[in-house]
Amino acid sequence: MRNGSERIVLRGGAVVDARADETDATSPRRADVAVEHGVISEVGDVEAREGDHVIDCAGRFVLPGFVDAHSHADGLLSDEQVQRALLKQGVTTVIAGQDGVSYAPGDGDYASEYFAAIDGAHPTYRGGGVAAYLEGVDGASRLNAAYLIPAGTVRFEVCGRSQDPASPAQLSAMTALVEQGMREGAVGLSTGLDYVPGVFQPTEEIAVLCEPVATAGGVYVSHMRGGYEANASAGIREMQRIAELARENTGHALPVHVSHFHADADIVLGQLDELERAGVDATFDAYPYARGCSLLGMPLLPPELSVHPVDEVVRALGDPEERERLRRDWFPRVSKNASLGPDWPHMLTLAHLAAPQLAWAHGLTIADAAQRAGVDPIDFALDVLLECRLQANVVMAVRHARSVSELARIFASPAHLGGSDGIFIGAHPHPRTRGTFARFLRVHVREAGTWTWSGAVRHLSLGAVTRFGLGDRGVVRRGAAADLIVVDASTVADTATYEEPLREAVGIDDVLVAGVPVLTAGELTDARPGRGLKRSPRAAHGRIEDGR
């Protein structure tokens, strides 16, 4: 089957119900699932019909496809290796437009330049806004994508590289771009307040941009200001203030979502309690790894330098006086970074280096690579940024690694959604790109018991569907969109490691998107039924607990 015109029957499997109580022994329950015209037409004992396309699910579970609540596959959705990496984990939908920087609105050039080592250049988008971006997904991918309006891109389109607060006229123009994006189906607004130009956006400016988001029923999503970890409370207070200002000015509540909330469990849970006491509806995503991944230049260059065009930054990095100034005035601040600290050269592993002559350094820490090169770590890091023209990303260790039990406390929060923060660009990427969702199932369902299977569906599928208004998906029931995965509960696992990050997940070999098989017996089919998903107000915000 390739076009969704014949009936598919997933026969003999056990259906996992996200609405089941934690003690409900009937979930997973034995049931067939029939799919017609892109939706689930029957769940139960399905009588055979001549011409049925049957998928034998005996001994396996049938689940709704997972939603990656924080993805950087924005410009890579047509890449078959990226699609395969996600589908093998059971991901059928991604939330793009993260961290305040992506292609739309505008012509996409800013994201292609500044986020070259995160999102890369989009193969087809050259303008047209949110509507054009979403239309570009249709028929080009095996996965669905929803989109957050990136506030940094909005600011760049209106204010350019200015470091000053927006003028009233500029703020009005930015707000109009956000309003247009929400009308065109965006699910919310994202900020990246450790990146440029987001780092220059004051709280009040962001709050105004959030007003049309609140009015339209969207979500404010933020890579918070200040570096997370021990500094998380500052970012949370700012998110609370933004939500309060948006509500005061519109009369509409503004739900918030914390991107990749990495910190000790007591910090994460305590800050969520603070938001709840303040009356702010909050969720967050987090992945089952301690280390992060980002642009090399984000922690190692001052934003006042990074905001300039690449050619200007590269010239500065080649200037001996500028390098000495960075060593003297900036790198002492790097050593005080809450996440990295003074051992930062040992904490950063080189994942993507655009300069071919540096390929030997992939997978090495800056400390080890600098030693091999015979230079000190600061000079080596600046040389890398210069030679790669800033196109470099790194896997970032944390000062205090977190155990499975520590992470389990975080993931047990009902406010948690599964997100990989997957960055696919690089010869030695973070293993989260190929392992996140399979690791959730292996470690936090089968081994640690953090969730039941029903709980896993709520955290990895239905929760994000509900939060971002993704329509009738996230459940296996009649009338729901047939984004479905078939999981071998006894073998599903991540195999990617920090040493071998390109190894793909196992245990999920059959996946349907919009009722069309896109992965069959572990291999990609020719079908590309993915589409750009527009916000569906009916499914937004509430109903996570009961899944109705």
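## A walk through the strands and helices

Let's start with one residue: L10 sits opposite I55 of strand β6. The model here is a predicted one, where local features need pLDDT of at least 70 and side-chain atom pairs count only at pLDDT 80 or more, while totals for chains, interfaces and linings use all residues. Residues are numbered from 1 along each chain as its sequence is written, and side-chain values use heavy atoms, with hydrogens and water left out.

L10 and I55 face each other where β1 (residues 8-11) and β6 (residues 53-56) pair in the parallel sense over four bridges. Two strands are taken to pair if DSSP finds at least two bridges between them. Helices (H or I, at least four residues) and strands (E, at least two) are DSSP runs, numbered from the N terminus. β1 has another partner in β4 (residues 32-36), with three bridges and an antiparallel arrangement. There, I8 stands opposite V35.

Now step back to the whole chain. Its secondary structure amounts to 18 helices and 22 strands. The radius of gyration is 23 Å, close to the 24 Å that the globule rule gives for 548 residues, so the chain is as compact as a globular protein of that length. That radius is taken over C-alpha atoms, and the globule rule is 2.2 Å times the number of residues to the power 0.38. Along its principal axes, the C-alpha trace spans about 75 × 55 × 45 Å.

On to the sheets. One is an open sheet of eight strands with parallel pairing, in the order β8-β9-β10-β11-β12-β13-β14-β18. At its edges are β8 (66-68) and β18, each pairing on one side only. Neighbouring strands in this sheet are turned by 30° against each other on average, direction ignored. Such angles run from 0 to 180 degrees between N-to-C directions, with axes as lines fitted to C-alpha atoms, for helices over the stretch in contact. Within the sheet, β11 and β12 (residues 219-223) run parallel and are joined by five bridges, with S190 finding its bridge partner in V221 of β12.

Helices pack on this sheet too. α3 (residues 129-137) touches β9 and β10 (144-150), and its direction makes about 160° with that of β10. Contact here means heavy atoms within 4.5 Å. α17 lies across β8, β9, β14 (282-286) and β18, running at about 125° to β8.

The other open sheet to look at has seven strands in the order β3-β2-β7-β19-β20-β21-β22, and its pairing is mixed. β3 (29-30) and β22 (523-524) stand at the edges with a single partner strand each, so one side of each is left without a neighbour in the sheet. β22 is joined to β21 (residues 516-520) by two bridges, and the two run antiparallel; L519 has L524 of β22 as its bridge partner.

Next, follow helix α7 (residues 232-250) and its neighbours. The axes of α6 (residues 203-216) and α7 come within 8 Å and cross at roughly 55°, and the two helices are therefore oblique to each other. On this scale, angles under 35 degrees count as roughly parallel, over 145 as roughly antiparallel, 65 to 115 as roughly perpendicular and the rest as oblique. The crossing is right-handed, meaning that the near helix is turned clockwise from the far one by less than a right angle (anticlockwise would be left-handed). Residues making the contact include I206, C210 and A214 of α6 and I242, L245 and N249 of α7. By class, this contact has seven nonpolar, four polar and three charged residues. Ala, Val, Leu, Ile, Met, Phe, Trp, Tyr, Cys and Pro count as nonpolar, Asp, Glu, Lys and Arg as charged, and the others, Gly among them, as polar.

With α8 (residues 265-277), the axis of α7 comes within 10 Å and crosses at roughly 20°. α7 and α8 are therefore roughly parallel to each other, and their crossing is right-handed. A232, S233, I236 and Q240 of α7 meet I267, Q271, E274 and L275 of α8, which gives four nonpolar, three polar and one charged residues.

Finally, check the backbone in the loops. Most residues other than glycine have a negative phi, and most peptide bonds are trans. A104 and P105, though, are joined by a cis peptide bond with omega about 0°; P105 lies in the loop between β9 (91-96) and α2 (109-114). Another cis bond links V196 and P197, with omega about 5°, and P197 is in the loop between β11 (188-192) and α6. L390 has a positive phi near 75° without being a glycine, in the loop between α15 (377-387) and β17 (392-396). D421, not a glycine either, has a positive phi of about 55° and lies between β18 (416-418) and α17 (432-447) in a loop.
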